Amino acid sequence: MSTKDGLLQRHHFLLRRLQSLTGIVPIGVFLIMHLTTNSTIAWGGANSRAHGDGWVDRAVSTFQHEVSFINDMPLLLLIEITLWVSIAFHAIFGFMYVLSSSNNMTSYKYGGNFRYVLQRWTGMLGIFFIFYHIATLRWGWSWAIPGQTEWSHEFASSTFAAAIQGSTEGYTGLGLLVSVFYFLGVSALVFHFANGLWTAGITWGLTVSRGSQKRWGYVCAGLGAGLMAMAWVSVIGFATLDYDRALDAEMGRSHAEQTLPEQQHKETVTQASNEEHNGG
Amino acid sequence: MSEAEAYSYDAEMRKENRKKAVAGRSVIFKIKRCDGPGKPMRWESFKVPITDGSNVISSLNWIAANPTTVDGQQTTPVVWDSNCLEEVCGACTMVINGRVRQSCSCLIDEYAPLEGDVITLEPMTKFPVVRDLWVNRDRLFNNLTRVKAWVPIDGTYSMGPGPKATHDLQQMRYALSECMSCGCCLEACPQFVKVEDEEKWDNAFIGAHAISQARLFNEHGTGKRLKGERMDELISEGGISECGNAQNCVKVCPKGIPLTESIGAIGRSATVHSIKKFFTK
């Protein structure tokens, strides 16, 4: 008889459940926050009227504001390392599961079987994408960015636009390839998360009945659709962003005329001079 | 869609086929053959005259009496396993036209309605072939012993009548009790892979049938006495966490057993069992 005494065997259940858990916390939760931040490049311009600048300028400023906020967080490196370790753990064990399974989609063309196969492919594409994404933008492997532009968190929008468009002058062939890769990568990861959340319901025993599995499926599909929309507008937003315009917004050089209405201007000036008199 | 509907999800197509079935036709049986364990596989085709109500077993009987291939070659009769001939024993399970099912209940009219239509027969791929379409399903039964799929009543004195069960519990358990250990769920499962070495069976995926049987006996008034031991096995290597949730098992189960509900229920028991163990053991 074979034994179950090896290190991996003894902690088999714990490791499998940890693999499931890390997909949701911290990785899934981070994915939601990351896509919320990134999609500001599309919807961040919504309050541009209040600021008296253009939609794109405001979107760039909003995104920059979010990136600066994240960069000012205490113990940021600890958060980053937690994420990297979680992703590496999830991916390494994920690969082990892929290698121990067989694929029979040709004989059994069921929706569930298709999602099972897709879950494995999106995981493999996703980890490849995440590695490229972190290596080029966080670990400074700018040689892997077409045009070798470097990403800077102080010029977050413009330098990222240059990184996925291939140059600061607009699209290059390689840049187009990187943009498409980003589009496929984020789509794969959003599906992987939404579908993984659905299967986690069965794995942990939350959804037992067929009805509950179906209802939880709708919840996950809804969440997935929302995240997919955010992912797509993020990629499209940066892929269509003009480098110079974004740089201007980041430098505070607004393209919009910033003039106060005549009456208001007068009042403001009077008020200011009054205050000067009183204070003096 | 219920499991029963899912199982026959191409039932409409089969119904249509039955309507257009031509009387007095002959169909081709393309059969994957193997002379014994470790021997190479080969394909042989047979032309079989179809009579009213022919099924795969009756056609195999005809081939056994007339073992000549379409090329006119004399060959050995095709070997297969069967017993009840009414889809309750599971012995005649094989892969028909690429999908696993029982051959006794497989009507030719539904699969090959026209002259010269082809039906392919293959042995199940997850179990070792004994000969031709006959496979050795020992691993399936071994996995039932892994989860102690029985009610412990052995002792030195009478234990009296068993505890009463509610109607709802009876209904739930009845569905699970219909399992005939045929192996369809294992054949269609992408996580249940063939393991030649008997020594390694206990570390490989236990399969949907055993998970469902563990639930059946965990829910039994007397059977639940072994719940802890069953759950210990199910949270070890080869247990419940090998499931990848492809859910093919429930789609191919000929008895419409809610296997994915059993997997969810055992998943829940495993969560509770492991937390309980963490704090008490």
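Two strands count as paired if DSSP finds at least two bridges between them, and strands themselves are DSSP runs (E, at least two residues), just as helices are DSSP runs (H or I, at least four residues), with numbering from the N terminus. With that in hand, meet E1(B) and E2(B), which form a hairpin with six residues between them. Please keep in mind that this is a predicted model, where local features need pLDDT of at least 70, side-chain atom pairs count only at pLDDT 80 or more, and totals for chains, interfaces and linings use all residues. Residues are numbered from 1 along each chain as its sequence is written, while chains are lettered from A and ligands numbered from 1 in the order in which they are written.

**The sheet of chain B**

- Five strands of chain B make an open sheet of mixed pairing, in the order E2-E1-E5-E3-E4.
- Strand E2 (41-49) and E4 of chain B are the edge strands with a single partner each, so one side of each has no neighbour in the sheet.
- From one strand to the next, the twist averages 30° (angles run from 0 to 180 degrees between N-to-C directions, and axes are lines fitted to C-alpha atoms, for helices over the stretch in contact).
- Helix H3 (residues 56-65) of chain B packs on this sheet, where it touches E1, E2, E3 and strand E5 (118-122) of chain B. The direction of H3 makes about 95° with that of E2(B).
- Contact here has a set meaning: the C-beta atoms of two residues, placed from the backbone, lie within 7 Å.

**Strand pairs and hairpins**

- As background, strands of a sheet pair through backbone hydrogen bonds, either parallel or antiparallel.
- Strand E1 (residues 26-34) of chain B pairs with E2(B) in the antiparallel sense over nine bridges.
- Along that pair, B:Ser26 is opposite B:Pro49 in E2(B), and B:Lys32 has B:Trp43 as its bridge partner.
- In the turn between E1(B) and E2(B), B:Gly38 has a positive phi of about 80°.
- E3(B) and E4(B) are antiparallel too, joined over four bridges, and B:Met94 stands opposite B:Arg101 in E4(B).
- The hairpin of E3(B) and E4(B) has two residues between the strands, and B:Asn97 in its turn has a positive phi of about 50°.
- E3(B) also runs antiparallel to E5(B), with two bridges joining them; here B:Ile96 stands opposite B:Leu121.

**Two domains in chain B**

- The domain assignment splits chain B into domain 1 (3-134) and domain 2 (137-280); such bounds come from an automatic or database domain assignment.
- Their C-alpha centres lie 31 Å apart, and the contact takes 18 residues from domain 1 of chain B and 20 residues from domain 2 of chain B.
- On the domain 1 side, helix H1 (3-7), strand E3 (93-96) and strand E4 (99-102) of chain B each supply at least two residues, with H1(B) giving the most, four residues.
- That side of domain 1 has 10 nonpolar, four polar and four charged residues. In this count Ala, Val, Leu, Ile, Met, Phe, Trp, Tyr, Cys and Pro are nonpolar, Asp, Glu, Lys and Arg are charged, and the others, Gly among them, are polar.

**A helix pair in chain B**

- Helix H8 (residues 208-218) and helix H11 (residues 259-280) of chain B pack at an angle of about 65°, with their axes 9 Å apart.
- Residues in this contact include B:Ile211 and B:Arg215 of H8(B), together with B:Ile263 and B:Ile266 of H11(B).
- By class, the contact of H8(B) with H11(B) has seven nonpolar, four polar and one charged residues.

**Where the chains meet**

- The contact takes 32 residues from chain B and 28 residues from chain A.
- On the side of chain B, helix H10 (248-252) and H11 each supply at least two residues, and H11(B) gives the most, with 11 residues.
- The residues on that side of chain B divide into nine nonpolar, 15 polar and eight charged.

**Chain A and A:Tyr110**

- Chain A has 12 helices and zero strands.
- Buried residues make up 34% of the 280 residues in chain A. A residue is buried if 20 or more other C-beta atoms, placed from the backbone, lie within 10 Å of its own, exposed if 12 or fewer, and partly exposed in between.
- A:Tyr110 sits in the loop between helix H6 (76-99) and helix H7 (111-137) of chain A, and counts as partly exposed because it has 18 C-beta neighbours inside 10 Å.
- Leaving aside residues up to four places away in sequence, A:Tyr110 touches B:Asn248 and B:Lys251.
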